[in-house]
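Open the structure in your viewer and keep the selection tool at hand. The stops below say what to select next and what is there.

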Amino acid sequence: DVLPSPEGPVPSVSITEIRQYLRAQGIPFHDGYSCLHTPSLFTDGRQDQPPPLSASAPYTLFIDKMTGSFLCTATLAEGTWQDFQANVELRHRGIPRPSSGEPEEDTRRAREDARCIWDRALPLWELLDEDETNKTKAMFGISLVTDATLKRFGVRYLRTAKSLVFPWFSPRDATLKGLKLVRVEKKGDAIAYVEETLPRFDSYRNLFGLPLIGRRDTELVLTGWELDALALHQATGVASLALPRGSTCLPPALLPYLEQFKRITLWLGEDLRSWEAAKLFARKLSLKRCSLVRPGDLQPRPLEALNQGLNLTKILRAALPASHKSIVSFRQLREEVFGELVNTEQVAGIKWARFPELNKLLKGHRRGELTIFTGPTGSGKTTFISEYALDLCMQGVCTLWGSFEINNVRLAKIMLTQFAAQRLEDQLELYDEWADRFEDLPLYFMTFHGQQNIKTVIDTMQHAVYMYDITHVVVDNLQFMMGHEHLSVDR
C-alpha cells in the first residue's frame with residue numbers, strides 16, 4: 001500500500017466541514033463516537049427519483065470523523081469523502097446511482113477458494129471419534145471450550161492442514177466472505193500459532209463474531225484473537241469480537257460496526273505490546289466509552305484465564321477506564337508502576353532478532369523515541385536501517401518508510417533481498433514466493449522524493465498513523481527532506 005503522493009495528497013477534511021456540508025444539503029445526522037451517522041444514500045431501490053433522506057430512515061451510513069471516508073453497513077457501499085459528495089450531487093440531479101460493480105477478480109477468487117476450504121472442513125464435534133476431537137482441542141489449548149460455543153461461532157477443523165478454520169460471514173446477508181486458518185507449530189518446548197487468511201492480509205477485515213451481535217447489545221469486549229473471543233463469550237456471556245490482525249492494528253473500515261456499543265472493553269493479550277495497542281485503539285474508538293484490561297499474572301489473555309480457572313467476569317469488572325483526568329495520584333499509577341517493574345524486559349521495547357549487540361545499546365524499539373543514525377555518504381546507513389526496520393516489521397511492528405534519497409523501487413528491492421537473505425537476481429523463479437511473503441508485512445512507503453514541504457510530510461505521517469496504526473517511522477534522510485538551503489540555519 002502506497003500512501004497518497006504529494007501531487008495529490010488526501011484532501012484533508014475537518015469534522016466541522018463535514019457537519020456544515022451535511023446541514024447545507026439537508027442530510028440529517030447523529031454524532032457518534034468515531035463516526036457521524038446518516039440515513040444511507042444507497043438503500044432506496046432502483047427508482048428513477050430517489051426519495052428525500054428523512055430523519056425517520058434507518059441511519060446505516062457512517063462517515064469517519066478523521067478522514068471523511070464512509071461505509072453503508074446495509075449495502076456495504078464505501079468510499080472517500082469526495083465519493084460521498086459526488087453521490088449527493090447525483091442524487092440531487094435525480095440521476096440513479098451507478099450500481100456497485102462485481103467484486104474484483106482477486107476478491108472473487110479468494111472467496112471461491114475460501115468456499116472450497118470451508119466445504120472440506122468439518123465441525124470439530126463431528127470428527128471421527130471423541131479421541132480425535134479431544135486431541136485436536138488439546139493441541140490448540142481449547143479443551144475447556146465447549147462444543148456449543150464452537151458451534152455458535154461456526155468454528156471448523158481442516159484435517160489435511162491440521163488447522164482450525166474461522167469463518168468471515170457478511171453481517172448483511174450471512175454469505176461467506178473469507179476465512180482465517182490457524183495451525184500450531186512446535187519450536188522446541190514453545191508452541192507458536194501460524195495464521196493464514198483468505199483474502200490476503202490487508203483486505204481481511206473480519207470482526208470474528210459480528211453476525212452474533214444483536215441490535216440491542218450495548219456492551220462489548222474486543223479481543224486480539226479468535227480463541228479469546230470464544231473463551232470470553234463462554235465464561236461471561238458478554239458480546240465479544242476478535243480483531244482480524246490481533247493487536248497489530250484496528251483498520252478504520254471496522255469502526256462503523258463498533259458504533260452501537262456504549263461501552264467497549266479492550267482485552268487484547270498478555271504482553272505490554274497489547275497494552276500499548278489497547279491505549280492507541282481506545283483513542284480511535286473514543287476514550288469516554290473504553291476500558292482496558294491491564295496485562296498481568298492474574299490477568300492473562302482470556303483463553304489462558306479460562307484454562308487457569310480464573311473468574312473472567314471479575315477481571316472485566318476490574319478493567320481501567322481509558323480516559324484519565326489531567327491530574328492523577330500515585331494510587332492510580334501504582335499498578336502501572338508495578339507492571340513496569342515486573343516486565344522490565346518488555347518495557348525496554350521490542351528486541352531486534354538480527355542485532356544482539358544493538359539490543360545491548362538501545363535495549364529495544366520503544367514508541368515515542370527518536371533515534372538518529374549519522375555517518376558519511378556511502379557508509380551504509382540506508383542498507384543498515386532497512387535491515388533494522390525489516391527486523392522489527394517481521395515481528396509485527398507497523399512501519400512507515402519515508403525515503404527521500406533513493407526511490408521506493410530500489411528500497412523495496414534492498415529490503416526484499418534482505419528478507420529473502422539471498423540474491424533473487426540469480427533465482428527469478430523464487431521471486432513470486434518471496435514477494436508474496438514480503439507483501440504480508442505491515443510495511444508502507446511514503447511516495448515523496450527529494451526536498452519536501454515539512455507540513456505535507458507530517459500530515460501524511462499522521463494520516464498513516466490513523467489508517468494503519470503505524471508505530472515506527474523511518475526518515476531517510478533528514479538532509480534531503482529539509483532541502484540543502486536550510487543547512488545554514490538552525491534545523
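**Stop 1: an aromatic pair**

Select Trp 168, which counts as buried because its relative accessibility is 8%. Here buried means under 20% relative accessible area, exposed means over 50%, and partly exposed lies in between (1.4 Å probe, protein chains only). Before going on, note that this is a predicted model, in which local features need pLDDT of at least 70 and side-chain atom pairs count only at pLDDT 80 or more, while totals for chains, interfaces and linings use all residues. Residues are numbered from 1 along each chain as its sequence is written, and side-chain values use heavy atoms, with hydrogens and water left out.

Now add Tyr 204, which is buried at a relative accessible area of 1%. The structure holds 18 aromatic pairs. Rings of Phe, Tyr and Trp (its six-membered ring) pair if their centres lie within 6.5 Å; planes under 30 degrees apart count as stacked, over 60 as edge-to-face and the rest as tilted. The ring centres of Trp 168 and Tyr 204 are 5.4 Å apart and their planes are at 75 degrees, so this pair is edge-to-face. Trp 168 is in strand S8 and Tyr 204 in the loop between strand S10 (190-198) and S11, so the pair ties together parts 36 residues apart in sequence. Helices (H or I, at least four residues) and strands (E, at least two) are DSSP runs, numbered from the N terminus.

**Stop 2: a second pair**

Select Tyr 193 and Trp 225. Their ring centres lie 4.8 Å apart with the planes at 70 degrees, so this pair is edge-to-face. Tyr 193 is in strand S10 and Trp 225 in the loop between S11 and helix H6 (226-236), 32 residues apart. Is each partner buried or exposed? Tyr 193 is partly exposed, with a relative accessible area of 30%, whereas Trp 225 is buried, at 9%.

**Stop 3: a proline in a strand**

Go to Pro 167 in strand S8 (residues 163-169). Pro 167 is buried, with a relative accessible area of 4%. Draw a distance from its C-alpha to that of Val 155: the two are twelve residues apart in sequence and 7.0 Å apart in space. Contact means heavy atoms within 4.5 Å. Leaving aside neighbours within four places in sequence, the contacts of Pro 167 include Trp 118, Phe 153 and Leu 176.

Keep Trp 118 on screen and add Arg 156, which lies over the face of Trp 118 at 3.9 Å from the ring centre. A charge sits over a ring if NZ of Lys or CZ of Arg is within 6 Å of the ring centre and within 35 degrees of the ring normal.

**Stop 4: the largest nonpolar core**

A nonpolar core is a set of buried Ala, Val, Leu, Ile, Met, Phe, Trp, Tyr and Cys residues joined through side-chain atoms within 4.5 Å. Select Leu 207, Leu 220, Leu 222, Leu 258, Leu 266 and Leu 285, which touch the most other members among the 32 residues of the largest core. Strand S11 (219-223), strand S13 (263-267), helix H7 (272-285) and strand S14 (290-292) each supply at least two residues of this core. The largest share, eight residues, comes from H7.

Stay with H7. Its 14 residues reach 20 Å from first C-alpha to last, close to the 20 Å expected at 1.5 Å a residue; the expected span is 1.5 Å times one less than the number of residues. Ten of the 14 residues of H7 are buried, so this helix is largely enclosed by the rest of the structure. Among them are Trp 275, Phe 281 and Lys 284. Just after H7, Ser 286 takes a positive phi of about 90 degrees.

Next, select Arg 289 in the loop between H7 and S14. Arg 289 is buried, with a relative accessible area of 3%. Its contacts, not counting residues up to four places away in sequence, include Tyr 33, Leu 258 and Glu 259.

**Stop 5: backbone exceptions**

Most residues other than glycine have a negative phi, and most peptide bonds are trans. What kind of peptide bond joins Leu 198 and Pro 199? The bond is cis, with omega about -5 degrees. Pro 199 sits in the loop between S10 and S11.

Finish at Lys 162, whose phi is positive, near 50 degrees. Lys 162 is in the loop between strand S7 (156-158) and S8, and counts as exposed at 53% relative accessibility.
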